[in-house]
Each structure stands twice: as C-alpha cells, then as structure tokens.
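Subject: The structure I promised you

Hi,

Here is the structure we talked about. Have a look at it first, then read on for what turned up.

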Amino acid sequence: MRLFIKKFIDLILYGNFWIAVNALAMMLQGQYLLHHPLALDTLILFVFFATLFLYAVHRIVGISKLHEFFDVDRYAVIARYKHHIQVYAICGLIGMAYLFWFLKWSTQLALIIPGVLSLGYVLPLLKGNRKRLRDINHLKIFLIAIVWAWITVLLPALEYGINRPVFLLLMGLERALFIFAITLPFDIRDLKVDQHSAVKTLPSTIGAKRSRQLGLALLLLMGALVLFNFILGNYTVGNLAALWVSIGSTAFLLHYAHEDRHDYYYSGLLDGTMLIQAGLIALFSFL
C-alpha cells in the first residue's frame, strides 16, 4: 500500500498534473477576483494543457543533462518514466493547440511573449551555445514570476474584456511577488544541480538563509499590495483575509525550506500553495 501511494504521488507530481492543477486554480482565482462568473472555460483549460506540456518538456530536456544525478529520487523517477512524460507532453500539446483557436484574437496576441519566453526557458533555442533561457545566470526566477503573472492576471483580463489598469497592475505585482517567493526555495533545493550546470542563482550568490529572508520580505510586500487593493475597494474583507492567511502559511513553509528537504516538500507543498491560496479565497468568500 505504501509503495502504491508513493507511485501515485510520483505520477501526480512528476507527470506534471499537480502543477497544471495549481495553474488551473490560479486561473479560477483570477476569474473570481476579477468578478467574472466562475467556469472551466476555454482560457482556463488552455492554461491547464499548456502547463502540462511545458513542464513535461522541461523535465524531458532537463533529465537529458543530469545523468550524474540519477541517484537522486526525483531524477530517478523522471528518468524511469520518461516515456510516460513524453505521452503527457503530447496530450498537453494537442489540448493546448486545439483550444488556442477558440481564444479571442487579443488573447492570442498576448500569448506570444509568454509563449516565446516559456519555450526559450525549456528548450535550448539560444544560438551558438544551445542554452536555454533558464541557463542564463539569475534569469530563470524572474522569467517564472513574469510569465505566471502575465498568464494568470493579464490574459484573463483580456479574454473577459476587463479594463481596470490600476487594479490589474497591483494584482499582477502581487502574483509576481508570490510566485517569486515560492520559486526561491526551488533554487535552494537545486544548488548542487545549478552548480553542476554552471548556472548562478540568487541562493548561490547570497546564500540559502538570505534567500529565504528575501522570500519573506517579498511576501510582506505582497501583503502590503493586497491591503492597498482592499483600501481601493478592489478586494472584499474575505479576499483580504484569505490572501493574508495564504501569505502567512506560505511564509511558514518558506522558512523551513532547507536544501535537504525531500522534494515532496517543494514540488508538493510549495507548488501547492497556489491551490491553497485559491482554496482560501473560496473559503473566505462569505465574509
């Protein structure tokens, strides 16, 4: 039974279904906060399949460069189920490509920049050295924060015809700060891998402890922006409470994100803070 549970968790995490569900949750949260009727519409399903595709390709390409780390549990699992992940990538690509044509023209155009950045992040497309964007020193965490904020805030606004520039800017900054903060621990986890790949990250430059402190500071700044949105009338009391509880629980997990933690802590709990945040928004919606 224990082995079955582990295999199931590995399937959900390393088959990239978990991160795709978290992306879906962030999109539904965006729908709610933008006062749009909740529905698993074309855009949300597109983001789900696009996330499934991109993270699967990221794992396939990444594992081909990390043979020296196959003794690490997560890499061993990914290597063992590489062909399964390829199938999931194809499924994600088909779903993404089909749904793309049903999006608004403005949304399709707005997908060009995050699409190019995402493909450049996972594929070695840079001329000359055949590197990925994530292999450029200190760049990957900024790319992740920008793309996630773009996809989960700007795209829904365009698709649903919402024109509230100040609110969207503040909400986009909130999302970028949140994603940046929960991504920092992954760079702490990957210190040895990034050192092997000769990629400098914030934790390798300022250290793991200061990186956690930076993450906590970013969450505090996010909390201030949430309060500002509340003062401007963009958030209800329930929204404010939910986001602050999310910030507090995320800060707790960030504080204990050490390099020797099992990957379930990172790929499971820290990625899961997106789903937790969306769940809290729903839970506190009655306030």
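How many residues does α12 have, and how far does α12 reach from its first C-alpha to its last? Keep that one in mind while I set the scene. One thing to know from the start is that this is a predicted model.

**The whole chain**

If you went looking for strands, you can stop: the protein chain has 14 helices and zero strands. Reading along the sequence, you just meet one α after another. Is the chain a compact globule? For 287 residues, such a globule would have a radius of gyration near 19 Å, and the protein chain has 19 Å, so the two agree. Along the principal axes, the C-alpha atoms fill a box of roughly 55 × 50 × 45 Å.

Burial comes next: 52% of the 287 residues count as buried. Take the contacts between residues at least 6 apart in sequence, and 74% of them join residues at least 24 apart. On the outside, the protein chain exposes about 13800 Å², with carbon and sulfur atoms supplying 72% of that. As for charge, there are 24 positive and 15 negative side chains, and the centres of the two sets lie 3 Å apart.

**Helix α12**

Back to the opening question. α12 has 24 residues and reaches 35 Å from its first C-alpha to its last, close to the 34 Å expected at 1.5 Å a residue. In the sequence, α12 covers residues 208-231.

Which residues of α12 are buried? Among them are Ser 211, Gly 215, Leu 218, Leu 219 and Met 222, and also Arg 212, which carries a charge in the count. It helps to remember that an α-helix has 3.6 residues a turn, so residues three or four places apart point the same way. The cover over the buried residues of α12 includes α9 (165-189), α11 (202-206), α13 (237-255) and α14 (263-283).

Phe 228 is also in α12, but Phe 228 counts as partly exposed because its relative accessibility is 40%, and buried would mean under 20%. The C-alpha atoms of Phe 228 and Leu 170 are separated by 8.5 Å, although the two residues are 58 apart along the chain. After α12 comes Gly 233, with a positive phi near 85°.

**Two histidines to look at**

Most residues other than glycine have a negative phi. His 35 has a positive one, near 60°. You will find His 35 in the loop between α2 (17-33) and α3 (42-63). Is His 35 buried or exposed? His 35 is exposed, because its relative accessible area is 55% and the cut-off is over 50%.

His 138 also has a positive phi, about 65°, although it is not a glycine. This residue sits in the loop between α7 (112-122) and α8 (140-159). At 29% relative accessibility, His 138 counts as partly exposed.

**One more phenylalanine**

Finally, go to helix α1 (residues 2-14), where Phe 8 lies. Phe 8 counts as partly exposed, with a relative accessibility of 47%. Its C-alpha atom and that of Ala 50 are separated by 22 Å, and the two residues are 42 apart along the chain.

Have fun turning it around on the screen!

Cheers

Methods. Residues numbered from 1 in each chain as written. Predicted model: local features only at pLDDT ≥ 70, side-chain atom pairs only at ≥ 80, totals over all residues. Heavy atoms only, no water. Helix = DSSP H or I, 4+ residues; strand = E, 2+ residues; numbered from the N terminus. Rg over C-alpha atoms; globule rule 2.2 N^0.38 Å. Buried < 20%, exposed > 50% of the residue type's maximum accessible area, 1.4 Å probe, protein only. Contact = heavy atoms within 4.5 Å. Areas by Shrake-Rupley, 256 points an atom, 1.4 Å probe, with all protein chains shown as cover. Charge placed at Lys NZ, Arg CZ, Asp CG, Glu CD. Expected span 1.5 Å × (residues − 1).
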